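Subject: Structure handover

Hi,

Here is the structure I promised to pass on. Please open it first, then read my notes below.

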Amino acid sequence: MSIPALKFKQENSKQSQANELFEKCLQAYGDDVENLNETSVISHVLFDAVEVGNTEFLVKLIRFDFDLLWKTRNSKSIFHIAVEKRHESIFNILNEIGSIGDLIIDRIEEDGSNILHLAAGLAPQEKLNAISGAALQMQREILWFKEVEKVVSPAFKEMKNNNGDTPYVLFAKNHEALRKEGEKWMRNTAEYSMVVAILIGLIMFPGEKADGLKDSPNLVRVFSVSSAIALFCSSTSLVMFLSILTSRYSYNDFLVWLPVRLMIGVASLFISIAAMMVAFSASFWSDNHNHQELPLILVVIGLFASVPILCVLLKYRLFVDIVRSTFFRFQNHRRLL
C-alpha cells in the first residue's frame with residue numbers, strides 16, 4: 001500500500017474513533033450529569049481534540065455543553081492550547097463568544113505565563129514544515145504572535161513570567177535560531193537570483209539588432225521594446241536583491257519588507273527572462289524565416305529555450321508562497337458555533 005493511501009486510511013480510522021468517543025461522551029453525559037466532573041470523560045476528550053486540531057469535533061462538544069469552554073488542563077484553556085499548537089480555526093472561536101473569551105484568556109499559568117507567552121514559543125515542527133523557506137516561517141511566527149497580541153489586554157504585553165521574561169523577550173529567545181536560518185535562506189536566494197539578473201543585464205545591455213531586422217519594422221519594434229523591458233526589469237530585480245543583502249534582518253524586517261522585496265525581485269526576474277526570450281525570438285526569426293531547415297532549427301531552439309522557462313517554473317512556487325503569506329495571511333473566518 002502506498003504512503004498516501006496509508007495516511008488516508010489512518011486518518012479515516014482516527015476520525016471514526018473520534019466519532020465513537022463522541023457518542024460515548026454523549027451517553028456518559030446523559031446517564032449521569034451530576035457525576036460528570038468526577039468522570040471527566042468529555043473534558044478529557046475535549047482537550048485531546050484541541051491538541052490535534054480537530055475543530056469539527058470540538059465544535060460539536062461545545063454546542064453540546066457550552067460550559068466546557070471553562071475547562072482547563074494544567075492551567076490552560078482550549079484557547080491557550082490552540083495558541084501553543086497554532087490551531088488557527090480553534091483560536092478564531094474567540095471572536096464568536098464575546099466577553100466570555102476575554103475572561104477565559106486572562107488566566108495565568110503556574111509559571112506566571114499568559115497566553116501571549118505561549119504565542120512567543122516556537123511552533124510545532126509539523127506546522128513549520130508546511131511553510132516553504134525559513135524566512136517565510138519566521139514571517140508566519142511573527143504574524144501569529146501579532147494576531148494573539150490583538151486579543152490580549154495591554155497589561156499582558158509587558159507582563160513577566162517567573163523567569164523575568166516578557167512575551168517579546170521570550171519570542172526573541174525562542175526564535176533566534178529560526179531568524180538566523182531565515183537570514184541565511186534569504187541571502188542565498190537573493191545571491192543566486194542576482195547572478196541570473198546580472199547575466200540578463202549583460203546580454204541585453206548592448207541591444208545589437210540582427211541584420212534581418214532592418215527589413216521588418218515590426219520586428220525591430222518588438223526587439224527594441226522587449227530588450228528595454230528585459231534590461232529595466234533585470235536592473236530592478238538586481239536592486240531588490242542588493243537591498244535584501246544589505247538588510248538588518250531584524251524581526252520586523254521579516255514581517256513585510258523582506259518578503260515584499262523578494263517578491264518584487266522574483267517578479268521582475270520572471271519578466272526579464274520572458275522579455276529576453278521575446279527579443280531572441282524576434283532576432284532569430286528575422287535571420288532564419290527564409291531558411292529551408294527552419295522547422296528543425298525551431299525544434300532545437302525550443303529545447304534549449306525550455307531551460308529558462310524551467311527556471312521560471314521553479315521560482316513560481318516561491319513567488320506564490322510569498323504572495324500568499326504576505327497578502328493572504330490567514331484564512332477567512334467562518335462562523336463555527
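Does Val-195 count as buried, partly exposed or exposed? Val-195 counts as partly exposed, because its relative accessibility is 47% and the partly exposed class runs between 20% and 50%. Please keep in mind that this is a predicted model.

Surface patch

Val-195 sits in helix α13, which covers residues 167-204. It helps make a nonpolar surface patch of about 480 Å². The other members are Ile-198, Leu-199, Leu-202 and Ile-203.

Helix pairs

Helix α13 also packs into a pair to look at. Its axis and that of helix α11 (residues 134-149) come within 7 Å. The two axes cross at roughly 155°. Angles over 145 degrees count as roughly antiparallel, so α11 and α13 are roughly antiparallel to each other. Their crossing is left-handed.

A second pair is helix α3 (residues 41-52) and helix α5 (residues 78-85). Here the axes come within 8 Å and cross at roughly 20°. That makes α3 roughly parallel to α5, because the angle is under 35 degrees. α3 passes α5 in a right-handed crossing.

Salt bridges

How many salt bridges does a search of the whole structure find? The search finds eleven. Side chains of opposite charge can pair when their charged atoms come close. Three of the bridges are described here.

- Arg-73 and Asp-48 meet through their side chains, at 3.5 Å from N to O. This pair links distant parts of the chain, 25 residues apart. Arg-73 is in the loop between α4 (55-64) and α5, while Asp-48 is in helix α3. Arg-73 is partly exposed, at 25% relative accessible area. Asp-48 is partly exposed too, at 33%.

- Arg-140 and Glu-88 form a salt bridge at 3.7 Å, N to O. Arg-140 lies in helix α11 and Glu-88 in helix α6 (residues 88-91), so the pair ties together parts that are 52 residues apart in sequence. Arg-140 is partly exposed, with a relative accessible area of 23%. Glu-88 is buried, with 14%.

- Glu-183 and Arg-187 have their closest N and O atoms 3.3 Å apart. Both residues lie in helix α13, four residues apart, or about one turn of the helix. Salt bridges that share partners join these two with Glu-176 and Arg-179 into one network. Arg-187 is partly exposed, at 27% relative accessible area.

Backbone

Most residues other than glycine have a negative phi. Two residues to check have a positive value instead: Asn-74, with phi near 55°, and Tyr-249, with phi near 60°.

Is Asn-74 buried or exposed? Asn-74 is exposed, with a relative accessible area of 66%. Asn-74 lies in the loop between α4 and α5, the loop that also holds Arg-73.

Where is Tyr-249 placed? Tyr-249 is in the loop between α14 (217-245) and α15 (257-288). Tyr-249 is buried, because its relative accessible area is 2% and buried means under 20%.

Best wishes

Key: Residues are numbered from 1 along each chain as its sequence is written. This is a predicted model: local features need pLDDT of at least 70, side-chain atom pairs count only at pLDDT 80 or more; totals for chains, interfaces and linings use all residues. Side-chain values use heavy atoms; hydrogens and water are left out. Patches are made of residues with over 30% relative accessible area and no salt bridge: like charges are joined within 9 Å, nonpolar side chains (Val, Leu, Ile, Met, Phe, Trp, Tyr) within 5 Å. Accessible areas come from the Shrake-Rupley method with a 1.4 Å probe; for residues, only the protein chains shown count as cover. A salt bridge is a side-chain nitrogen of Lys or Arg within 4 Å of a carboxyl oxygen of Asp or Glu. Helices (H or I, at least four residues) and strands (E, at least two) are DSSP runs, numbered from the N terminus. Buried means under 20% relative accessible area, exposed over 50%, partly exposed in between (1.4 Å probe, protein chains only). Axes are lines fitted to C-alpha atoms, for helices over the stretch in contact, and angles run from 0 to 180 degrees between N-to-C directions. Angles under 35 degrees count as roughly parallel, over 145 as roughly antiparallel, 65 to 115 as roughly perpendicular and the rest as oblique. A crossing is left-handed if the near helix is turned anticlockwise from the far one by less than a right angle, and right-handed if clockwise.
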